[in-house]
Amino acid sequence: MLENIRLSLQGILSHKVRSLLTMLGIIIGIAAIIAIVSTIKGTNEQIKNNLIGAGNNAVAVQLYQGESPYDFSYQESPEGVPVVSDDIRNQIAEFDEVESVSFYRTRSYCENVYYRNSQFSGAMFGIDENYFNTAGYQIQQGRGFTNNEYNNNSKVVILDNTAVKSLFSSEDPIGQIVDIGTEPFVVIGVAVESNPFEPVINSEEDYWTYMQTSGGKMFIPGNSWPIVYRFDEPENCLAKAVDTDSMPTVGKKVSDLLNTTVQVTNDSDMQIKYQSEDILGQAKSLQDLSSSTNTMLIWIASISLLVGGIGVMNIMLVSVTERTREIGLKKAVGAKKRRILIQFLTEASVLTSIGGIIGVGIGIGLAQLISKIASVPVAISSVSIVVSVIFSMAVGIIFGLIPSVKAANLNPIDALRYE
């Protein structure tokens with residue numbers, strides 16, 4: 001086999017221009033496929049990160065009324081939803097797919113927060129001691145809540161940077177008093193995400209998809225929630241999965257467990273139940289939409305591989321004709337059909353493999369160029385590189401088979417007489 005490879009390389013180098021032109025179709029096809037696959041993978045990762053964020057695998061499980069989240073801003077708390085017990089919390093924390101768990105109450109939009117003449121419009125959260133770790137927040141300025149503040153009705157609040165800019169502009173917020181409704185709360189800290197992530201907005205649709213992650217947030221201890229809102233509001237659950245792919249499983253297991261305690265329907269017989277938002281499902285829908293278009297491009301790029309394969313077959317037929325006397329001589333001294341067949345198949349596969357390797361290099365460079373020019377993310381797939389090289393070798397074997405069989409079946413006497 002090594003001898004056949006050496007002879008193949010020798011033959012390729014002795015006809016450099018012809019070999020390069022023969023490989024051109026393979027090079028273009030492989031380069032196009034690598035560039036397209038890298039762009040698809042990069043785009044899919046961008047979609048997933050835009051929806052989930054960078055490294056935060058937290059799954060929110062909240063009450064739904066039909067297909068929409070239950071809105072406490074406009075509706076009374078539904079009867080029949082009990083307070084989450086410590087036993088339920090412990091069961092969720094023991095799930096294999098769960099890294100940490102927190103329970104909280106929230107208003108997705110509140111506008112009753114004031115500091116002097118400034119008003120805050122954003123989300124309010126009543127949290128427990130596990131929330132910041134589970135949601136991926138850390139204290140940037142000031143301090144966090146103490147155990148005493150979590151357990152008592154303490155009027156203290158922590159803001160994120162967006163809320164700070166909305167209320168205080170350039171003023172130091174620590175120690176200032178904000179009015180939440182009619183109650184004064186002391187600002188004790190500023191929290192930021194541990195892995196801050198800004199979604200890439202390329203269209204109006206992207207804006208509306210991701211805008212809910214960009215609003216300001218305020219946090220108060222969960223036991224202080226009744227000071228501002230109602231006493232009997234059910235809690236939501238935030239569970240951090242061990243990895244991104246486990247998020248749907250975590251969402252389903254947590255919602256199924258919580259729903260074992262919920263027995264309530266409203267007047268319209270629309271069931272109220274705990275449910276998680278299928279973020280990965282949304283990502284997959286967007287990814288499928290993106291990939292369906294790019295799959296067509298891959299098929300179009302594959303046409304050049306077919307053209308390249310035909311070129312390989314053509315040049316191998318020419319090579320067989322040129323080396324007819326050589327083949328006849330080898331057969332005359334005892335070379336078998338199998339030996340001749342393998343020699344020409346090896347030459348065809350080596351030719352296309354070299355073209356495939358060159359195409360991979362050009363494809364990676366092309367993907368990076370597209371990324372810089374069009375601001376499109378790319379992710380080079382090692383699997384696609386290996387598959388491309390193997391596929392290019394397969395093209396050589398398939399399209400080199402006819403010339404190889406022709407060479408192996410030559411009559412040695414006729415071959416020696418050929419001029």
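**A helix contact and a covered strand**

Reader: Happy to dig in! Which residues in α13 and α14 meet?

Author: In this predicted model, the α13 side of the contact is made of I397, I398 and F399. Their partners in α14 are L401, I402 and P403.

Reader: Thanks! How many of the residues of that contact are nonpolar, polar or charged?

Author: Both sides count here, with I397, I398 and F399 from α13 and L401, I402 and P403 from α14. None of the residues in this contact is polar and none is charged. The nonpolar ones number 6.

Reader: And what is the orientation of α13 and α14 to each other?

Author: Helix α13 covers residues 382-399 and helix α14 covers residues 401-408, with axes 4 Å apart. The angle between them is about 40°. Angles under 35 degrees would count as roughly parallel and 65 to 115 as roughly perpendicular. The two helices are therefore oblique.

Reader: Let's turn to β6. Are its residues V156 and V157 buried or exposed?

Author: Strand β6 spans residues 156-160, and 5 of its 5 residues are buried. V156 points one way, along with I158 and D160, while V157 and L159 point the other way. On either side, the answer for V156 and V157 is buried.

Reader: Nice. Which residues are the bridge partners of D160 in β8 and of I158 in β9?

Author: β6 pairs with β8 (residues 183-193) in the parallel sense over 5 bridges. With β9 (residues 217-221), β6 runs antiparallel and shares 2 bridges. For D160, the partner in β8 is A191, and for I158, the partner in β9 is F219.

Technical notes
Residues numbered from 1 in each chain as written. Predicted model: local features only at pLDDT ≥ 70, side-chain atom pairs only at ≥ 80, totals over all residues. Heavy atoms only, no water. Axes fitted to C-alpha atoms, helices over the stretch in contact; angles between N-to-C directions. Parallel < 35°, antiparallel > 145°, perpendicular 65-115°, else oblique. Contact = heavy atoms within 4.5 Å. Nonpolar A, V, L, I, M, F, W, Y, C, P; charged D, E, K, R; others polar. Buried < 20%, exposed > 50% of the residue type's maximum accessible area, 1.4 Å probe, protein only. Pairing = 2+ DSSP bridges.
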